[in-house]
Amino acid sequence: MVSSLLPSPTKHLRPMHVETILHMKEGLGDTSYAQNSSLQRNSIETLKNIIINSALDVYISLSPEQFTLADLGCSSGPNTVTVAGEIIKKIGGICHKYSIPAPDFSVMLNDLPTNDFNTVFVNSPEFIQSLKDFAEIDEWGHPTVFVAGVPGSFYGRLFPRRSVHFVSSCSSLHWLSKVPPGLFNDIGQPVNKGKMYISHTSPPEVAKAYYKQFQGDFSKFLKARSVEIVSGGRMVLAMLGRRTQDHSDPSTTLLWELLAQSFDLLVSHEIIDQEKLNSYNVPFYAPNIIEIEEEVRKEGSFAIDYIDIFETKLNASGDARKDGKVLSMAIRAIQESMLSHHFGGDIIDALFNNYTELLIRSMEREEIKSVQIGVVLRKL
């Protein structure tokens, strides 16, 4: 299990155990992740063909009787089984075309124990039935699908040795296992005051602390998967990233800067105090391609078949007010659990009212893009 204690200079600040705090807003309400998962959906759509073709490559080259695919960081929204469904349909179609028995499919859905797995499994029978309805009903093409939830941190082992053929993870690996300990000095005082992530005003040790935490976490992730994935298996990863060496690249930090400004407004109205804001940092890191390649090389169990950067317009409709509200709700669904733990739930509505307006103003001035890195790894 991966957990951490957020250092605090004052006794009244509660510790943040990331593994038990970080989760998407549950249920089906207006602010839930199930209703506001557009960011993850965009990530999946961007890499959809790469994900499906990579899984097909594995099946064609290995032809296993049982094909196990895992979605790491599955969350609980409508995107959870989308990729798995497309993969199963494609493989089933190949089996029907060549009159060979379709494999049994095991779909392993992983997220932290705090994930809303109930919402996932309420939709599971409908998902399996849709696959059966799609398939030709004969002994060759009819897929048999087994779905299981696997709660736990993907920074540790999740599956038996050499049991998984294909892994996908979209919009998850930019979340660290913990807030970097280097963000506090020797006496527990925050070194990144007024900011919750790397900014152009942050001292150099802030970026160094975040990068060091990413290196350790990504290395653990690769080592765990190297044991679990069969030789010749594939892993497709998509995470928020940055184009440049600059850790304060605006394409990566703008949304965090706007959230910090939203907090500043609450401080100015004495809704929260500055000390509490100073002690809040997010367990997030957006790497660049070079940093990812270096960790893959050092770990040594995978070859990089493909890696590239993708950009997605966040004000895609052209209506700044509409796009700002959609984006604000999506970020709220992701962030609310951590924010409520640290600041209390009473400030959330006011915070995101501020955030929505700041997003709208920003979108009226400029085009805002999400930068993602997609990578396909092959197990050696």
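Here is a friendly conversation about a predicted model and the reasoning behind its labels.

Colleague: To start with the whole chain, what are its helix and strand counts, and how much of it is buried?

Modeller: The protein chain has 11 helices and seven strands. Buried residues make up 58% of its 380 residues. Among contacts between residues at least 6 apart in sequence, 82% join residues at least 24 apart.

Colleague: Why is Asn 281 called buried?

Modeller: Buried means under 20% relative accessible area. Asn 281 has a relative accessible area of 2%, so it is buried. Its place is the loop between helix H8 (274–278) and helix H9 (289–299).

Colleague: Which residues does Asn 281 touch, leaving aside those up to four places away in sequence?

Modeller: They are Val 179, Leu 183, Phe 184, Asn 192, Lys 195, Met 196 and Tyr 210.

Colleague: And what makes Glu 270 exposed?

Modeller: The cut-off for exposed is over 50%. Glu 270 comes out at 73% relative accessible area, so it counts as exposed. Glu 270 lies in the loop between H7 and H8.

Colleague: Why is Ser 99 put in the class called partly exposed?

Modeller: Partly exposed is the class between under 20% and over 50%. Ser 99 has a relative accessible area of 44%, so it is partly exposed. Ser 99 sits in the loop between H3 and E2.

Colleague: What is there to say about phi at Ser 99 and Glu 270?

Modeller: Most residues other than glycine have a negative phi. Ser 99 is not a glycine, yet its phi is positive, about 55 degrees. Glu 270 is not a glycine either, and its phi is positive at about 60 degrees. As for their places in the chain, Ser 99 follows H3, and Glu 270 comes just after H7.

Colleague: How do you know that the length of helix H3 (residues 82–97) agrees with its residue count?

Modeller: At 1.5 Å a residue, its 16 residues should span 22 Å. The end C-alpha atoms of H3 are 23 Å apart, which agrees. The buried residues in H3 include Val 83, Ile 87 and Ile 91. An α-helix has 3.6 residues a turn, so residues three or four places apart point the same way.

Colleague: How does the span of H7 fare in that test?

Modeller: Its 19 residues should span 27 Å at 1.5 Å a residue, and its end C-alpha atoms are 25 Å apart, which agrees. Among the buried residues of H7 are Trp 256, Leu 259 and Phe 263. The buried residues of H7 pack against H8, helix H10 (320–343) and H11.

Colleague: What makes a set of residues a nonpolar core, and which members of the largest one touch the most other members?

Modeller: The members are buried nonpolar residues such as Leu and Phe, joined through side-chain atoms within 4.5 Å. The largest core has 72 residues, and Phe 218, Phe 221 and Phe 263 touch the most other members. Apart from that core lies another, of 33 residues, among them Ile 44, Ile 52, Ile 128 and Phe 310.

Colleague: Which residues does Phe 263 touch, not counting those up to four places away in sequence?

Modeller: Phe 263 touches Met 196, Ile 272, Leu 277, Leu 339, Phe 343, Ile 347 and Leu 351.

Colleague: Now the empty space: what makes one space a cavity and another a pocket?

Modeller: In a cavity a 1.4 Å probe fits but cannot get out, whereas a pocket is an open set. By the cavity rule the count comes to four cavities of 30 Å³ or more. The second largest cavity holds about 70 Å³ of space. Its lining includes Leu 69, Asp 71, Val 83 and Phe 166. By class, that lining has eight nonpolar, two polar and one charged residues.

Colleague: What are the volume and the lining of the largest pocket?

Modeller: The largest pocket has a volume of about 300 Å³. Of the 20 residues that line it, the closest to its centre are Pro 250, Ser 251, Thr 253, Leu 254 and Glu 366. H7 gives the most to this lining, with seven residues. By class, the lining of the largest pocket has six nonpolar, seven polar and seven charged residues.

Key:
Residues are numbered from 1 along each chain as its sequence is written. This is a predicted model: local features need pLDDT of at least 70, side-chain atom pairs count only at pLDDT 80 or more; totals for chains, interfaces and linings use all residues. Side-chain values use heavy atoms; hydrogens and water are left out. Buried means under 20% relative accessible area, exposed over 50%, partly exposed in between (1.4 Å probe, protein chains only). Contact means heavy atoms within 4.5 Å. Helices (H or I, at least four residues) and strands (E, at least two) are DSSP runs, numbered from the N terminus. The expected span of a helix is 1.5 Å times one less than its number of residues. On a 1 Å grid over the protein atoms alone, a cavity is a set of points where a 1.4 Å probe fits but cannot get out, and a pocket is an open set with protein on both sides within 12 Å along at least five of seven lines; lining residues have an atom within 4 Å of a point. Grid points are joined across faces, edges and corners, and a volume is the space filled by probe spheres set on the points. Ala, Val, Leu, Ile, Met, Phe, Trp, Tyr, Cys and Pro count as nonpolar, Asp, Glu, Lys and Arg as charged, and the others, Gly among them, as polar.
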